Amino acid sequence: MAENIQAATDGNFEAEVLTASNTKPVLVDFWAEWCRPCLMLAPTVAEIAQTYTGKLKVVKLNVDENTASAGRYNIRGIPTLLIFKGGQVAEQVVGAVPRDHIEKALQRHLA
């Protein structure tokens, strides 16, 4: 994992995502090891984390290891990207989409 991407877990989700999203938007990448599209999207997520350092927090959550958080947000298909702002889901992007699609969604939530 890139140094500017943290791992979210069921145990730290509250602090790393919900509380953190009160100060800046948090992009959560819901993924799994066996998911080919997730692996294809990973470099794009890493680039976004690099580009928006200081403006956006990026975390990855492995759905196989953290079923409670995935279930809480009704993650049915992966990859799914959720953008949290103010402790709430502000936007959802499903699938291995192009970077510009993700950035358009982000722009709506960056100050």
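Contact is taken here to mean heavy atoms within 4.5 Å, and it is on this basis that the packing of helix α4 is described in the present model, which is predicted. The helix spans residues 99-107, and within it Ile-102, Glu-103, Ala-105 and Leu-106 are buried. Viewed down the axis of α4, these buried residues fall within an arc of 160°, so they line one face of the helix. Such an arrangement can be read against the geometry of helices in general: an α-helix has 3.6 residues a turn, so residues three or four places apart point the same way. The partners against which the buried residues of α4 pack are α2 (36-51), β4 (80-85) and β5 (88-94).

The segment that follows α4 contains His-109. Because buried means under 20% relative accessible area, His-109, with a relative accessibility of 12%, counts as buried. The side chain of His-109 is joined to that of Glu-91 by a polar contact of 2.7 Å. When neighbours within four places in sequence are left aside, the residues in contact with His-109 are Pro-25, Ile-83, Lys-85, Ala-90 and Glu-91.

A further feature of the predicted model is its disulfide, of which the structure holds one. This link is formed by Cys-35 and Cys-38, whose sulfur atoms lie 2.3 Å apart, and both of these cysteines are buried. The link of Cys-35 and Cys-38 is right-handed, with 80° about the S-S bond.

Definitions and conventions. Residues numbered from 1 in each chain as written. Predicted model: local features only at pLDDT ≥ 70, side-chain atom pairs only at ≥ 80, totals over all residues. Heavy atoms only, no water. Disulfide = S-S within 2.5 Å. Buried < 20%, exposed > 50% of the residue type's maximum accessible area, 1.4 Å probe, protein only. Helix = DSSP H or I, 4+ residues; strand = E, 2+ residues; numbered from the N terminus. Arc of directions from axis to C-beta. Polar contact = N/O pair within 3.5 Å; in protein donor to acceptor, adjacent residues only side chain to side chain.
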